[in-house]
Amino acid sequence: MARSLPIERSVVTHVTSEADRADSIRRSTPRPIKICDSWRSKNGARGVTDLEAGMRVRLGGMDFAVDPDHQDIVDAVDRVCRDFDDEYWSRCDRDHEFPWDFYRAMAEGGWVGIAIPEEFGGGGRGITEAALVLNRIAASGAAMNGSTAVHLTMFGLNPVVKFGNDRLKQEFLPRAATGDLHVAFGVTEPDAGTDTSRIATRAVDDGMGGWIINGRKIWSSKALEAEVCLLLVRTDGDPGDGFGGLTLFLVDLDPAHCDIAPIPKLGRNAVASCEVAYDDLPVEAWRMVGERGRGFHHILHGLNPERILLSAMACGIGEVALDRAVAYAADREVFGRPIGANQAISHPLAIARMQLTGAMAVMREAAWRYDQDLDCAELANTAKYLAAEASWAAADAAMQTHGGLGYATEYQVERFWREARLQRIAPVSQEMTANFIAQNILGLPRSY
Ligand SMILES: Cc1cc2nc3c(=O)[nH]c(=O)nc-3n(C[C@H](O)[C@H](O)[C@H](O)COP(=O)(O)OP(=O)(O)OC[C@H]3O[C@@H](n4cnc5c(N)ncnc54)[C@H](O)[C@@H]3O)c2cc1C
(Lines give C-alpha, C1' and ligand atoms only; values in the text may rest on other atoms or scores of the structure.)
Protein backbone atom coordinates (compact mmCIF):
# COMPACT_ATOMS: atom_id res chain seq x y z
CA MET A 1 0.00 0.00 0.00
CA ALA A 2 1.51 3.35 -1.01
CA ARG A 3 1.72 6.02 1.64
CA SER A 4 0.94 9.70 1.34
CA LEU A 5 3.93 11.84 0.59
CA PRO A 6 5.30 12.62 4.02
CA ILE A 7 6.17 16.18 3.06
CA GLU A 8 4.86 17.40 6.38
CA ARG A 9 5.44 14.37 8.50
CA SER A 10 8.98 13.65 7.46
CA VAL A 11 10.18 16.84 9.08
CA VAL A 12 8.51 16.16 12.39
CA THR A 13 11.27 16.33 14.44
CA HIS A 14 13.38 16.10 17.32
CA VAL A 15 11.20 18.67 19.15
CA THR A 16 10.49 16.56 22.18
CA SER A 17 9.91 19.01 25.01
CA GLU A 18 8.80 22.54 25.73
CA ALA A 19 12.44 23.53 26.11
CA ASP A 20 13.25 22.12 22.69
CA ARG A 21 10.29 23.92 21.28
CA ALA A 22 11.32 27.27 22.75
CA ASP A 23 14.79 26.70 21.41
CA SER A 24 13.37 25.88 18.03
CA ILE A 25 11.40 29.13 17.98
CA ARG A 26 14.51 31.08 19.03
CA ARG A 27 16.50 29.49 16.26
CA SER A 28 13.91 30.65 13.70
CA THR A 29 14.51 34.35 14.52
CA PRO A 30 14.99 35.96 11.11
CA ARG A 31 18.26 37.83 11.72
CA PRO A 32 19.81 37.29 8.29
CA ILE A 33 16.78 38.83 6.64
CA LYS A 34 17.38 42.08 8.43
CA ILE A 35 20.91 42.11 7.00
CA CYS A 36 19.52 41.60 3.52
CA ASP A 37 16.82 44.24 3.94
CA SER A 38 19.35 46.84 4.99
CA TRP A 39 21.54 45.80 2.10
CA ARG A 40 18.62 46.33 -0.23
CA SER A 41 17.73 49.73 1.14
CA LYS A 42 21.33 50.90 0.84
CA ASN A 43 21.84 49.61 -2.64
CA GLY A 44 18.33 49.64 -4.06
CA ALA A 45 19.53 47.88 -7.21
CA ARG A 46 18.37 44.75 -8.95
CA GLY A 47 20.54 42.20 -10.66
CA VAL A 48 22.98 39.48 -9.84
CA THR A 49 24.21 40.99 -6.58
CA ASP A 50 20.67 41.34 -5.33
CA LEU A 51 19.97 37.73 -6.24
CA GLU A 52 23.03 36.65 -4.29
CA ALA A 53 21.78 38.61 -1.31
CA GLY A 54 18.45 36.87 -1.68
CA MET A 55 20.13 33.48 -1.63
CA ARG A 56 22.01 34.45 1.53
CA VAL A 57 18.68 35.18 3.14
CA ARG A 58 17.40 31.75 2.39
CA LEU A 59 20.54 29.95 3.37
CA GLY A 60 20.79 31.84 6.63
CA GLY A 61 17.25 32.07 7.91
CA MET A 62 15.61 28.66 7.82
CA ASP A 63 14.58 26.29 10.49
CA PHE A 64 13.30 22.97 9.28
CA ALA A 65 11.62 21.96 12.51
CA VAL A 66 7.86 21.84 12.22
CA ASP A 67 5.69 23.67 14.71
CA PRO A 68 3.78 20.91 16.55
CA ASP A 69 0.62 23.00 16.07
CA HIS A 70 1.05 22.54 12.35
CA GLN A 71 1.19 18.79 12.77
CA ASP A 72 -2.02 18.98 14.78
CA ILE A 73 -3.66 20.96 11.97
CA VAL A 74 -2.53 18.43 9.39
CA ASP A 75 -3.80 15.49 11.45
CA ALA A 76 -7.14 17.14 12.25
CA VAL A 77 -7.86 18.15 8.65
CA ASP A 78 -6.89 14.67 7.48
CA ARG A 79 -9.44 13.26 9.94
CA VAL A 80 -12.27 15.44 8.56
CA CYS A 81 -11.35 14.58 4.99
CA ARG A 82 -11.38 10.83 5.63
CA ASP A 83 -15.19 10.97 5.75
CA PHE A 84 -15.31 12.10 2.11
CA ASP A 85 -14.11 9.40 -0.20
CA ASP A 86 -13.48 9.02 -3.92
CA GLU A 87 -17.08 8.10 -4.53
CA TYR A 88 -18.26 11.37 -2.93
CA TRP A 89 -15.89 13.55 -4.98
CA SER A 90 -16.55 11.62 -8.17
CA ARG A 91 -20.28 12.12 -7.75
CA CYS A 92 -19.98 15.85 -6.93
CA ASP A 93 -17.80 16.31 -9.99
CA ARG A 94 -19.99 14.24 -12.30
CA ASP A 95 -23.27 15.83 -11.12
CA HIS A 96 -21.85 19.36 -10.90
CA GLU A 97 -22.98 19.40 -7.29
CA PHE A 98 -21.43 21.76 -4.72
CA PRO A 99 -19.94 19.65 -1.85
CA TRP A 100 -22.24 21.02 0.86
CA ASP A 101 -21.63 18.20 3.39
CA PHE A 102 -17.90 18.62 3.11
CA TYR A 103 -18.18 22.42 3.37
CA ARG A 104 -20.28 22.14 6.55
CA ALA A 105 -17.83 19.71 8.11
CA MET A 106 -14.95 22.10 7.42
CA ALA A 107 -16.92 25.08 8.77
CA GLU A 108 -17.94 23.20 11.92
CA GLY A 109 -14.33 22.27 12.54
CA GLY A 110 -13.40 25.99 12.40
CA TRP A 111 -11.14 25.45 9.39
CA VAL A 112 -12.95 27.86 7.07
CA GLY A 113 -12.34 30.75 9.49
CA ILE A 114 -8.76 29.83 10.34
CA ALA A 115 -7.17 32.92 8.75
CA ILE A 116 -9.83 35.48 9.79
CA PRO A 117 -8.57 37.70 12.66
CA GLU A 118 -9.58 36.54 16.13
CA GLU A 119 -11.37 39.83 16.92
CA PHE A 120 -13.92 38.84 14.25
CA GLY A 121 -14.34 35.31 15.53
CA GLY A 122 -11.76 33.61 13.33
CA GLY A 123 -8.74 31.51 14.18
CA GLY A 124 -6.30 34.39 13.72
CA ARG A 125 -3.72 32.15 12.04
CA GLY A 126 -1.61 33.01 9.02
CA ILE A 127 -1.21 31.97 5.43
CA THR A 128 1.07 29.16 6.54
CA GLU A 129 -1.76 27.44 8.42
CA ALA A 130 -4.36 28.19 5.71
CA ALA A 131 -1.97 26.67 3.14
CA LEU A 132 -1.59 23.53 5.22
CA VAL A 133 -5.37 23.13 5.45
CA LEU A 134 -5.83 23.52 1.70
CA ASN A 135 -2.91 21.23 0.94
CA ARG A 136 -4.36 18.44 3.08
CA ILE A 137 -7.84 18.87 1.56
CA ALA A 138 -6.43 18.57 -1.95
CA ALA A 139 -4.16 15.65 -1.00
CA SER A 140 -7.11 13.74 0.46
CA GLY A 141 -8.46 13.20 -3.05
CA ALA A 142 -10.89 16.14 -2.81
CA ALA A 143 -8.42 18.05 -5.01
CA MET A 144 -9.76 21.39 -6.32
CA ASN A 145 -13.39 20.39 -5.82
CA GLY A 146 -12.74 20.40 -2.07
CA SER A 147 -10.12 23.10 -1.68
CA THR A 148 -11.82 25.75 -3.83
CA ALA A 149 -15.15 25.08 -2.12
CA VAL A 150 -13.64 26.67 1.00
CA HIS A 151 -10.73 28.85 -0.05
CA LEU A 152 -12.61 32.01 -1.09
CA THR A 153 -14.35 32.24 2.26
CA MET A 154 -11.07 31.38 3.99
CA PHE A 155 -9.05 34.04 2.30
CA GLY A 156 -11.14 35.98 -0.25
CA LEU A 157 -11.99 38.73 2.21
CA ASN A 158 -8.34 39.58 2.88
CA PRO A 159 -8.75 43.00 1.13
CA VAL A 160 -11.61 43.73 3.56
CA VAL A 161 -9.38 42.76 6.50
CA LYS A 162 -6.58 44.99 5.21
CA PHE A 163 -8.42 47.95 3.69
CA GLY A 164 -12.14 47.68 4.60
CA ASN A 165 -14.00 50.16 6.78
CA ASP A 166 -15.27 49.11 10.22
CA ARG A 167 -18.81 48.49 9.03
CA LEU A 168 -17.66 46.11 6.28
CA LYS A 169 -15.50 44.24 8.77
CA GLN A 170 -18.21 44.01 11.42
CA GLU A 171 -20.93 42.87 9.00
CA PHE A 172 -19.05 40.32 6.99
CA LEU A 173 -15.96 38.96 8.72
CA PRO A 174 -17.74 37.23 11.63
CA ARG A 175 -20.02 35.46 9.14
CA ALA A 176 -17.04 34.42 7.02
CA ALA A 177 -15.33 33.11 10.15
CA THR A 178 -18.17 30.67 10.81
CA GLY A 179 -18.40 29.70 7.15
CA ASP A 180 -21.89 31.16 6.90
CA LEU A 181 -20.90 33.68 4.22
CA HIS A 182 -19.95 32.50 0.75
CA VAL A 183 -17.78 34.84 -1.27
CA ALA A 184 -17.01 35.13 -4.99
CA PHE A 185 -14.27 37.13 -6.66
CA GLY A 186 -15.00 39.08 -9.85
CA VAL A 187 -12.05 40.48 -11.74
CA THR A 188 -11.84 38.71 -15.11
CA GLU A 189 -13.96 39.97 -18.04
CA PRO A 190 -14.26 38.80 -21.62
CA ASP A 191 -11.77 41.49 -22.71
CA ALA A 192 -9.82 41.79 -19.46
CA GLY A 193 -8.06 38.64 -18.29
CA THR A 194 -4.33 38.90 -18.02
CA ASP A 195 -4.56 42.62 -18.82
CA THR A 196 -6.66 43.91 -15.91
CA SER A 197 -6.29 47.51 -17.08
CA ARG A 198 -8.93 46.75 -19.71
CA ILE A 199 -11.73 46.26 -17.16
CA ALA A 200 -14.90 47.84 -18.53
CA THR A 201 -17.53 46.97 -15.89
CA ARG A 202 -18.44 50.37 -14.54
CA ALA A 203 -19.74 51.85 -11.30
CA VAL A 204 -21.44 55.22 -11.77
CA ASP A 205 -22.23 57.67 -8.95
CA ASP A 206 -26.02 57.53 -8.40
CA GLY A 207 -26.11 61.14 -7.19
CA MET A 208 -27.26 60.03 -3.71
CA GLY A 209 -23.95 58.85 -2.32
CA GLY A 210 -24.17 55.33 -3.78
CA TRP A 211 -23.24 53.58 -7.00
CA ILE A 212 -24.90 51.76 -9.91
CA ILE A 213 -22.91 48.93 -11.52
CA ASN A 214 -23.27 47.64 -15.07
CA GLY A 215 -21.09 45.21 -16.98
CA ARG A 216 -20.08 41.59 -17.43
CA LYS A 217 -17.58 39.37 -15.61
CA ILE A 218 -16.53 35.85 -16.55
CA TRP A 219 -15.10 32.96 -14.56
CA SER A 220 -16.45 34.23 -11.20
CA SER A 221 -15.99 31.03 -9.18
CA LYS A 222 -18.68 30.12 -6.63
CA ALA A 223 -21.01 32.88 -7.91
CA LEU A 224 -23.89 30.36 -7.76
CA GLU A 225 -23.44 29.82 -4.00
CA ALA A 226 -22.04 33.19 -3.01
CA GLU A 227 -24.04 35.91 -1.32
CA VAL A 228 -21.41 38.58 -1.97
CA CYS A 229 -18.75 39.22 -4.57
CA LEU A 230 -15.54 41.15 -4.24
CA LEU A 231 -15.82 43.08 -7.48
CA LEU A 232 -13.19 45.15 -9.27
CA VAL A 233 -14.85 47.81 -11.44
CA ARG A 234 -14.06 51.04 -13.21
CA THR A 235 -15.13 54.23 -11.47
CA ASP A 236 -12.90 56.53 -13.55
CA GLY A 237 -11.23 56.65 -16.96
CA ASP A 238 -11.64 54.21 -19.82
CA PRO A 239 -10.57 50.58 -20.48
CA GLY A 240 -6.84 50.50 -21.24
CA ASP A 241 -6.16 53.76 -19.36
CA GLY A 242 -4.23 51.93 -16.66
CA PHE A 243 -5.09 50.85 -13.15
CA GLY A 244 -5.83 54.22 -11.54
CA GLY A 245 -9.56 54.23 -12.34
CA LEU A 246 -10.33 50.84 -10.76
CA THR A 247 -12.20 50.52 -7.47
CA LEU A 248 -13.09 47.53 -5.32
CA PHE A 249 -16.57 46.87 -3.90
CA LEU A 250 -18.08 44.08 -1.86
CA VAL A 251 -21.43 43.76 -3.65
CA ASP A 252 -24.49 41.59 -3.09
CA LEU A 253 -25.11 39.13 -5.91
CA ASP A 254 -28.74 40.27 -5.97
CA PRO A 255 -30.66 38.04 -8.42
CA ALA A 256 -32.84 41.05 -9.39
CA HIS A 257 -29.74 42.70 -10.90
CA CYS A 258 -27.29 39.82 -11.51
CA ASP A 259 -27.70 37.17 -14.16
CA ILE A 260 -25.46 34.22 -13.23
CA ALA A 261 -24.68 31.39 -15.65
CA PRO A 262 -22.11 28.60 -15.10
CA ILE A 263 -19.48 28.19 -17.81
CA PRO A 264 -19.22 24.55 -18.93
CA LYS A 265 -15.61 23.53 -18.29
CA LEU A 266 -13.11 20.66 -18.28
CA GLY A 267 -12.73 19.99 -14.57
CA ARG A 268 -13.37 21.04 -10.96
CA ASN A 269 -17.03 20.63 -11.79
CA ALA A 270 -18.33 20.61 -8.21
CA VAL A 271 -17.46 24.29 -8.01
CA ALA A 272 -18.90 26.29 -10.89
CA SER A 273 -17.21 29.30 -12.43
CA CYS A 274 -19.73 31.71 -13.88
CA GLU A 275 -20.47 34.47 -16.26
CA VAL A 276 -22.17 37.23 -14.27
CA ALA A 277 -24.03 40.07 -15.99
CA TYR A 278 -24.56 43.12 -13.74
CA ASP A 279 -27.61 45.14 -14.71
CA ASP A 280 -28.09 48.40 -12.76
CA LEU A 281 -26.90 46.81 -9.51
CA PRO A 282 -27.29 49.41 -6.72
CA VAL A 283 -24.41 49.50 -4.22
CA GLU A 284 -24.30 51.61 -1.08
CA ALA A 285 -21.24 53.82 -0.49
CA TRP A 286 -20.01 51.88 2.56
CA ARG A 287 -19.57 48.78 0.40
CA MET A 288 -16.51 50.34 -1.24
CA VAL A 289 -13.39 48.46 -0.06
CA GLY A 290 -10.53 50.88 0.54
CA GLU A 291 -10.17 53.97 -1.60
CA ARG A 292 -11.70 54.99 -4.90
CA GLY A 293 -9.16 54.41 -7.69
CA ARG A 294 -6.99 52.14 -5.49
CA GLY A 295 -8.87 48.90 -6.19
CA PHE A 296 -6.11 47.32 -8.24
CA HIS A 297 -3.59 48.12 -5.53
CA HIS A 298 -5.88 46.55 -2.92
CA ILE A 299 -6.26 43.39 -5.01
CA LEU A 300 -2.51 43.24 -5.61
CA HIS A 301 -2.02 43.01 -1.87
CA GLY A 302 -3.87 39.68 -1.92
CA LEU A 303 -2.14 38.22 -4.95
CA ASN A 304 0.93 36.84 -3.20
CA PRO A 305 -1.03 34.98 -0.53
CA GLU A 306 -3.42 33.70 -3.19
CA ARG A 307 -0.46 32.32 -5.15
CA ILE A 308 0.85 30.66 -2.03
CA LEU A 309 -2.50 29.02 -1.28
CA LEU A 310 -2.91 27.84 -4.87
CA SER A 311 0.59 26.35 -4.72
CA ALA A 312 -0.40 24.40 -1.64
CA MET A 313 -3.50 23.05 -3.40
CA ALA A 314 -1.56 22.19 -6.56
CA CYS A 315 0.99 20.25 -4.49
CA GLY A 316 -1.89 18.41 -2.81
CA ILE A 317 -3.29 17.31 -6.16
CA GLY A 318 0.15 16.16 -7.28
CA GLU A 319 0.59 14.31 -4.03
CA VAL A 320 -2.62 12.29 -4.29
CA ALA A 321 -2.07 11.56 -7.99
CA LEU A 322 1.42 10.30 -7.24
CA ASP A 323 0.17 8.26 -4.31
CA ARG A 324 -2.35 6.47 -6.51
CA ALA A 325 0.20 5.93 -9.27
CA VAL A 326 2.79 4.42 -6.93
CA ALA A 327 0.21 2.01 -5.54
CA TYR A 328 -0.85 0.98 -9.01
CA ALA A 329 2.75 0.65 -10.30
CA ALA A 330 3.63 -1.65 -7.41
CA ASP A 331 0.53 -3.79 -7.91
CA ARG A 332 -0.10 -4.05 -11.63
CA GLU A 333 1.82 -6.84 -13.35
CA VAL A 334 2.53 -6.90 -17.07
CA PHE A 335 4.99 -9.35 -18.68
CA GLY A 336 5.12 -11.12 -15.35
CA ARG A 337 6.48 -8.24 -13.21
CA PRO A 338 5.15 -5.06 -11.59
CA ILE A 339 5.13 -2.18 -14.07
CA GLY A 340 6.92 -0.07 -11.41
CA ALA A 341 10.06 -2.12 -12.09
CA ASN A 342 10.29 -0.45 -15.49
CA GLN A 343 12.25 2.78 -15.27
CA ALA A 344 10.02 4.29 -17.95
CA ILE A 345 7.30 4.10 -15.30
CA SER A 346 9.28 4.66 -12.10
CA HIS A 347 11.42 7.61 -13.20
CA PRO A 348 8.59 10.01 -14.08
CA LEU A 349 7.07 9.19 -10.69
CA ALA A 350 10.38 9.76 -8.91
CA ILE A 351 10.90 13.02 -10.78
CA ALA A 352 7.39 14.18 -9.89
CA ARG A 353 8.12 13.40 -6.26
CA MET A 354 11.26 15.56 -6.38
CA GLN A 355 9.40 18.38 -8.10
CA LEU A 356 6.65 18.28 -5.46
CA THR A 357 9.15 18.31 -2.62
CA GLY A 358 10.85 21.38 -4.09
CA ALA A 359 7.58 23.21 -4.78
CA MET A 360 6.31 22.50 -1.28
CA ALA A 361 9.52 23.81 0.30
CA VAL A 362 9.37 27.06 -1.66
CA MET A 363 5.67 27.40 -0.85
CA ARG A 364 6.42 27.00 2.86
CA GLU A 365 9.12 29.64 2.76
CA ALA A 366 6.92 32.07 0.81
CA ALA A 367 4.13 31.57 3.37
CA TRP A 368 6.54 32.09 6.25
CA ARG A 369 7.80 35.32 4.70
CA TYR A 370 4.25 36.59 4.16
CA ASP A 371 3.35 35.84 7.76
CA GLN A 372 6.48 37.68 8.96
CA ASP A 373 5.50 40.75 6.87
CA LEU A 374 8.56 40.25 4.68
CA ASP A 375 8.61 40.68 0.92
CA CYS A 376 7.50 37.36 -0.55
CA ALA A 377 6.69 38.25 -4.15
CA GLU A 378 9.57 36.34 -5.74
CA LEU A 379 8.95 33.20 -3.73
CA ALA A 380 5.15 33.34 -4.03
CA ASN A 381 5.48 33.47 -7.82
CA THR A 382 8.21 30.84 -7.83
CA ALA A 383 6.09 28.54 -5.68
CA LYS A 384 3.09 29.00 -7.96
CA TYR A 385 5.16 28.18 -11.04
CA LEU A 386 6.92 25.16 -9.54
CA ALA A 387 3.75 23.78 -7.94
CA ALA A 388 1.78 24.00 -11.19
CA GLU A 389 4.54 22.15 -13.07
CA ALA A 390 4.97 19.56 -10.30
CA SER A 391 1.25 18.96 -10.03
CA TRP A 392 0.95 18.48 -13.76
CA ALA A 393 4.01 16.22 -13.93
CA ALA A 394 2.58 14.01 -11.19
CA ALA A 395 -0.93 13.86 -12.62
CA ASP A 396 0.28 13.15 -16.14
CA ALA A 397 2.66 10.44 -14.91
CA ALA A 398 -0.21 8.96 -12.90
CA MET A 399 -2.39 8.88 -16.00
CA GLN A 400 0.36 7.14 -18.00
CA THR A 401 1.09 4.67 -15.20
CA HIS A 402 -2.54 3.55 -15.14
CA GLY A 403 -2.57 2.86 -18.90
CA GLY A 404 -6.10 2.56 -20.25
CA LEU A 405 -7.59 2.60 -16.76
CA GLY A 406 -6.12 6.07 -16.23
CA TYR A 407 -8.74 7.24 -18.68
CA ALA A 408 -11.55 5.56 -16.75
CA THR A 409 -13.30 7.72 -14.15
CA GLU A 410 -13.28 4.83 -11.67
CA TYR A 411 -9.55 5.24 -11.01
CA GLN A 412 -9.85 8.97 -10.23
CA VAL A 413 -6.55 10.00 -11.82
CA GLU A 414 -8.32 11.56 -14.80
CA ARG A 415 -10.07 13.90 -12.33
CA PHE A 416 -6.71 14.89 -10.82
CA TRP A 417 -5.24 15.25 -14.31
CA ARG A 418 -8.01 17.65 -15.41
CA GLU A 419 -7.55 19.75 -12.29
CA ALA A 420 -3.75 19.75 -12.40
CA ARG A 421 -3.90 21.20 -15.90
CA LEU A 422 -5.84 24.19 -14.60
CA GLN A 423 -2.93 25.14 -12.33
CA ARG A 424 -0.91 26.26 -15.35
CA ILE A 425 -3.64 28.69 -16.46
CA ALA A 426 -5.41 30.17 -13.45
CA PRO A 427 -5.49 32.25 -11.37
CA VAL A 428 -2.31 33.37 -13.07
CA SER A 429 -0.73 31.70 -16.07
CA GLN A 430 2.78 30.27 -16.10
CA GLU A 431 3.71 32.87 -18.72
CA MET A 432 2.72 35.76 -16.47
CA THR A 433 4.56 34.24 -13.53
CA ALA A 434 7.70 33.97 -15.67
CA ASN A 435 7.13 37.56 -16.83
CA PHE A 436 7.07 38.68 -13.20
CA ILE A 437 10.40 37.00 -12.46
CA ALA A 438 12.00 38.18 -15.71
CA GLN A 439 10.91 41.79 -15.30
CA ASN A 440 10.81 42.40 -11.56
CA ILE A 441 13.52 40.11 -10.25
CA LEU A 442 15.96 39.85 -13.16
CA GLY A 443 15.30 43.43 -14.26
CA LEU A 444 14.80 42.47 -17.91
CA PRO A 445 12.80 44.75 -20.25
CA ARG A 446 9.02 44.52 -20.04
CA SER A 447 7.08 42.73 -22.78
CA TYR A 448 3.88 44.69 -22.14
C1 LIG B 1 -11.61 27.37 -13.66
C2 LIG B 1 -11.29 28.83 -13.61
C3 LIG B 1 -11.65 29.56 -12.48
C4 LIG B 1 -11.42 30.93 -12.45
N5 LIG B 1 -11.87 31.65 -11.38
C6 LIG B 1 -11.81 33.01 -11.42
C7 LIG B 1 -12.45 33.80 -10.41
O8 LIG B 1 -13.01 33.27 -9.44
N9 LIG B 1 -12.44 35.16 -10.55
C10 LIG B 1 -11.83 35.77 -11.60
O11 LIG B 1 -11.86 37.01 -11.67
N12 LIG B 1 -11.20 35.05 -12.58
C13 LIG B 1 -11.18 33.70 -12.51
N14 LIG B 1 -10.58 32.96 -13.51
C15 LIG B 1 -9.94 33.64 -14.62
C16 LIG B 1 -8.42 33.49 -14.64
O17 LIG B 1 -7.85 34.29 -13.64
C18 LIG B 1 -7.96 33.89 -16.05
O19 LIG B 1 -8.39 32.88 -16.93
C20 LIG B 1 -6.47 34.06 -16.15
O21 LIG B 1 -6.07 35.22 -15.43
C22 LIG B 1 -6.01 34.23 -17.61
O23 LIG B 1 -6.75 35.23 -18.26
P24 LIG B 1 -7.46 34.92 -19.65
O25 LIG B 1 -8.18 33.64 -19.53
O26 LIG B 1 -8.29 36.11 -20.05
O27 LIG B 1 -6.29 34.75 -20.68
P28 LIG B 1 -5.74 35.86 -21.69
O29 LIG B 1 -5.45 37.14 -20.97
O30 LIG B 1 -6.62 35.93 -22.87
O31 LIG B 1 -4.34 35.21 -22.12
C32 LIG B 1 -4.31 34.06 -22.98
C33 LIG B 1 -2.92 33.45 -22.97
O34 LIG B 1 -1.97 34.40 -23.42
C35 LIG B 1 -0.90 34.49 -22.51
N36 LIG B 1 -0.38 35.87 -22.48
C37 LIG B 1 -1.08 37.03 -22.50
N38 LIG B 1 -0.26 38.08 -22.44
C39 LIG B 1 1.01 37.59 -22.36
C40 LIG B 1 2.31 38.18 -22.26
N41 LIG B 1 2.50 39.48 -22.20
N42 LIG B 1 3.38 37.35 -22.20
C43 LIG B 1 3.21 35.99 -22.24
N44 LIG B 1 2.01 35.39 -22.34
C45 LIG B 1 0.93 36.19 -22.40
C46 LIG B 1 -1.50 34.13 -21.16
O47 LIG B 1 -0.51 33.68 -20.25
C48 LIG B 1 -2.47 33.03 -21.56
O49 LIG B 1 -1.81 31.80 -21.60
C50 LIG B 1 -10.77 31.57 -13.54
C51 LIG B 1 -10.36 30.82 -14.65
C52 LIG B 1 -10.62 29.47 -14.70
C53 LIG B 1 -10.22 28.71 -15.94
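Helices, of at least four residues, and strands, of at least two, are DSSP runs numbered from the N terminus. In this predicted model, the chain holds 14 helices and 10 strands. The chain has 448 residues, and 46% of them are buried. Contacts between residues at least 6 apart in sequence were also examined. Of these, 74% join residues at least 24 apart.

Two packed helices are described by the angle between their axes and the distance between the axes. Helix 12 spans residues 377-401, and helix 14 spans residues 430-441. Their axes lie 10 Å apart, at an angle of about 145°. The crossing of the two helices is left-handed. Helix 12 contributes Glu378, Asn381, Lys384, Tyr385 and Ala388 to the contact. Helix 14 contributes Gln430, Thr433, Ala434, Phe436, Ile437 and Ile441. By class, six residues of this contact are nonpolar, three are polar and two are charged.

Helix 14 also takes part in the surroundings of the ligand. The shell around the ligand receives at least two residues from helix 14, and at least two each from strand 1 (183-186) and strand 3 (211-221). There are 23 residues around the ligand. Those that come nearest are Gly193, Thr194, Ser221, Ser429 and Glu431. The shell comprises 10 nonpolar, 10 polar and three charged residues. Two domains supply parts of this shell. Domain 2 (183-293) gives at least three residues, and domain 3 (296-448) also gives at least three.

Note on methods. Residues are numbered from 1 along each chain as its sequence is written. This is a predicted model: local features need pLDDT of at least 70, side-chain atom pairs count only at pLDDT 80 or more; totals for chains, interfaces and linings use all residues. A residue is buried if 20 or more other C-beta atoms lie within 10 Å of its own, exposed if 12 or fewer, and partly exposed in between; C-beta atoms are placed from the backbone. Two residues are in contact if their C-beta atoms, placed from the backbone, lie within 7 Å. Axes are lines fitted to C-alpha atoms, for helices over the stretch in contact, and angles run from 0 to 180 degrees between N-to-C directions. A crossing is left-handed if the near helix is turned anticlockwise from the far one by less than a right angle, and right-handed if clockwise. Ala, Val, Leu, Ile, Met, Phe, Trp, Tyr, Cys and Pro count as nonpolar, Asp, Glu, Lys and Arg as charged, and the others, Gly among them, as polar. A residue is near a molecule or strand if its C-beta atom, placed from the backbone, lies within 6 Å of it. Domain bounds come from an automatic or database domain assignment.
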